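Subject: Structure handover

Hello,

Here is the structure I said I would pass on. Please open it before you read the notes that follow.

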Amino acid sequence: FFFGMAKRSWSTWAFFLCLWLSINADERVTICKNPDTNPQTITISSLDLPAYFEQGAYLGRCPSEDADSPDVEVPNICSQMSLPVCQCPATYNWLDGEQLCGTHCMAVGEGICYLGHETYGQPSTARCGKWECDFGHVRCRRPDFEPVRAPDCNNQNEDGEDVTVVFSKKGRVRSLHRHLLEVFCFSSTGTPVRCSPPPAESPSASPSESPSASPSESPSPSEFSSPSPAECPYVCEDLPVCQCPEDYDYTSFGEVCDTHCMEQDEYYCHPGKGNSFLPCSRLECGPGQIRCRRPVVDPTAPPPRNPRTFFLARGGESCDDACGAVGTVCDHDLVQEAALSPAHCQDILEHLGKTTHLGGLYEDDSTGCTYHPRAPGWYELFKKDGQSTCSARTEDLDRLRVCACQNLREERHFDDLSELGDQNFCLDASDTVATVQGRVSLGTGAGNGGAFTCNCVELCELHSLTESTVSLTNYENRGATNDFRGTILQITVNFLNTIAGAIFTFDASSALEIHSGGTASFTAAATFTGSGVFRAREGSTVSFSSASTFQIATEVSGQFLVESEQVSFEEVVTLTGSNALMDVRSGSRIVASRTVTVSSSSEIRGTSGTMQFDGGLSMASSSVMSLTSTTVSVSTWSASSSTMSFDGSTVTSQTWSMSSSTVTIGTGTAMSVSGGAQLDASTMTLSSSTSTFTSVQASTLTNGGTIQGRGGCNMQFTGGLQTTSSTMDLQQSTVGCGHLQMSSSTLSASSSTTVTASQVTFSQTTVQMTSASFTSSGTMSDDGGSLTFTTSTIVVTSTFTSTSSSYSLTGSSMTVTQHTITSTTITLTDVSSQFLLDGSGAGGGSLVGSLASGAVFSGLGFLRHRTGLLRLIAGSTIGCGMQLSPSAQIVRRARALQQTDLTTTNPAVTACGNSIGATTVASG
């Protein structure tokens, strides 16, 4: 009968063992006599047990017998923990040779039992000395094997009889496991009977977990509800915790039951089989299934620590090894906490990103909470002797243990921000680094503190659930990462970073502010990241002497000094206020990938550095840029009411738009605008022979704007220049232009200035040139202009068209290839002045010039006609000397040649044998 129940649960075995003892009260039993003085194993009648128990005897063989004793394993295994009752086939013989063994190995649910294997590296020839079981199998005890010690108890059973309570010897050593058999009693006549539960102070009453047929969570008296009477004879505390589908409701006929049947490998549960129609009364489980208890969360159990406290060591590595590798020591308390229960272990592993479905409690070693990746993911809690130690290692390299280091984290909480004071993170009493992470949790509102020093080599945190403002005198960073959440940190004296590669992270409600009189020094590379703001307030000074990166917005109202290396801005930068200064010093560099805005009298200054504004530069409201020996590149550059001066610098921009601004391109400066320059009511001055300006695409000068050239400067408007109501003031300058278009403007050129254009269009424009050269390689046209040339040369290599304009040439020469002149007066004020109609390339019969109505030539100079035909139209007047070269053969006229054409103080016409009309003019 006993072995025919091989497939029932171990708790059922416990129940039937009690019944068997009560039925077979006069059987022969083996006891250990005089265990404390002279241990002897003897066999007696069960009716004599009470007398021997009074003398200190207990059931089973004595543990001190020789190695061939079948129960030599008791002190090695059974005295350390309670084992489940073996569930073996009825044909299993329990023998090792001829010796009957007390403990064996079993494969739960498979109906397989065996003696076990010799411990690796410790071979044993003793019978019953093979302790090792295959992976996934458990050590169990023979159903009739239970060594116990029986102290007097003077208890009573349910019938009022005086009985002696028999406790498990193994329960007296604070085993991690609960004794699996129900407590049984002996009446005064020696008959074993069931009895009431033992007193609370009894050693067996201390809670410990039952090893189950499948891994289970650590039970404690508070973890399960009281079972209904129908559900006992099970001892519910001894059952494994059910592992059922999430939607399983644990009910039977509408009522919640405390025990159920589970088929663990299939994640299948049911209330039980049977014929009863009462709730929770069907207790039988199917083949391969075991009885289990409903899981109930203990509301008093402490939650696991922040999972960031824990980490997974490598396979085969102890926590001592893992912590020692980073210069720290294992935190024994946290390792014990992770091993508090399988549930805690599973929760920590899931927070560490591991998916687990199966797991439980084991006694192979003391590695505590571990993770095994075999399908479907296992949380395995190993607690040999009820302990989890820092030094324990696992031989399975795939199994990873959960560790925590003593110096991992320090936390401080300040609900009252007025109590901040001075804070030194992560230091012990001897001022050595004790923790690698630290957090200060802040309450709501604002508060003042003293000096904060982050010594945490990994992480310093200032966190607030709501936005808090904290004003500190000093903040010194010596850690890798500083994390600010919900915190506006204000520094009044000094912020110092000396750790290379330091990271400062800000959420959207956080900021770092250096206040008036405060300084911030970054002597090592730093990165500002997140979505917060860095602010250098008015009166503050921030300096960088190592490469740093801003991935958050930057606001500067004080001084921002880049003393060496590169500072990169990946978010917008704003300079505002008369005391705002960004100073890029010798050998340093700034790179801004987003827009930099400079306003309200703020300044960008550079000396022998580099500035790269890839996201554009916007200047306004009396802002200033002053560069010396600096290289600057700008994508899109706009300035309004601003001042810029460049000396010895190289300045490039894709587009350049100035409004009411002043730009000085000084000595040794080359400025190039690839997309064209727009100067509106602005002044651009080039001051020396080494000052150059190039605009590749069309540029404009409008609304009173001025371009000034001095000292031999060079300006090239390759894409053309269009001016409106503006001035070009050129002295000792060289100007090259595509199409020069001037409307209601003034062109003043002197002192050997050279102006060259591919095409010239003047409208209502005043031109004053002295000792200058003006050349149009294409056409030149003017309308309503006033043009004065003194000792200058004007060349138009294509057609010259003038309407309603006035020209005055003194000591000057104007040469055109062809012309059409209408209502324009050209005065050749002295004999050295001339207007030459070149007619280059025209045949003798080609029309090259036309003097239309209102066209007037006058003065002491000469109108010279080199080749081609000149047409005189009614209303035109030649009131100056006229010279016709031999190629100017014919003058076709639309009017008669008048006497006034020939009456001048100089010889009127030099025909040199040419004909005027039909009349041949004799030589001289």
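Strand β68 and strand β70 (residues 813-822) run parallel and are joined by nine bridges. In this pairing F800 has H819 of β70 as its bridge partner. Please keep in mind throughout that this is a predicted model.

β68, which covers residues 793-803, also pairs with strand β65 (residues 773-776), in the parallel sense and over four bridges. There, S776 is matched with V796 in β68. Strand β66 (residues 780-783) is another parallel partner of β68, again with four bridges. D783 has T803 in β68 as its bridge partner.

Parallel pairing also appears around strand β50. Nine bridges connect β50 (residues 650-659) to strand β48 (residues 631-640), in the parallel sense, and S638 is partnered by S657 of β50. β50 runs parallel to strand β52 (residues 670-673) too, with four bridges between them; V651 has M671 of β52 as its partner. Four bridges also link β50 with strand β53 (residues 677-680), in parallel, and here S659 stands opposite D680.

Next, the cores. The largest nonpolar core has 121 residues, and W637 and W656 are the members that touch the most others. Strand β28 (residues 459-477) supplies the largest share of this core, five residues. What is W656 in contact with, leaving aside its neighbours within four places in sequence? Its contacts include W637, M644, V663, M671, L679 and F693. A second core is separate from this one and has 14 residues, among them L349, Y379, L381 and V402.

There is also an open sheet of five strands, in the order β19-β23-β21-β22-β20 and with mixed pairing. Why do β19 and β20 each have one side without a neighbour in the sheet? β19 (311-312) and β20 (358-362) stand at the edges and have a single partner strand each, so one side of each stays free of a neighbour in the sheet. The partner of β19 is strand β23 (residues 400-403), which runs antiparallel to β19 and is joined to it by two bridges. F311 has C403 in β23 as its bridge partner. Helix α6 (residues 342-351) packs on this sheet and touches β19, β20, β21, β22 and β23. The direction of α6 makes about 135 degrees with that of β22.

Last, the disulfides. How many does the structure hold? There are seven, and I describe some of them here.

- C242 and C292 are joined with an S to S distance of 2.0 Å. The torsion about their S-S bond is about 95 degrees, so this disulfide is right-handed. C242 is in the loop between β13 and β14, C292 is in strand β18, and the two are 50 residues apart. C242 is buried, at a relative accessible area of 5%, and C292 is buried at 0%.
- C257 and C280 form another disulfide, S to S 2.0 Å. Its torsion is about -90 degrees, so it is left-handed. C257 lies in the loop between β15 and β16 and C280 in the loop between β17 and β18, so the link ties together parts 23 residues apart in sequence. Both cysteines, C257 and C280, are buried.
- C330 and C390 are linked at 2.1 Å, S to S. This link is left-handed, with -65 degrees about the S-S bond. C330 is in the loop between α4 and α5 and C390 in the loop between β22 and β23, 60 residues apart. C330 and C390 are buried.

Regards

How values were computed. Residues numbered from 1 in each chain as written. Predicted model: local features only at pLDDT ≥ 70, side-chain atom pairs only at ≥ 80, totals over all residues. Heavy atoms only, no water. Pairing = 2+ DSSP bridges. Contact = heavy atoms within 4.5 Å. Axes fitted to C-alpha atoms, helices over the stretch in contact; angles between N-to-C directions. Core = buried A, V, L, I, M, F, W, Y, C linked by side-chain atoms within 4.5 Å. Buried < 20%, exposed > 50% of the residue type's maximum accessible area, 1.4 Å probe, protein only. Disulfide = S-S within 2.5 Å.
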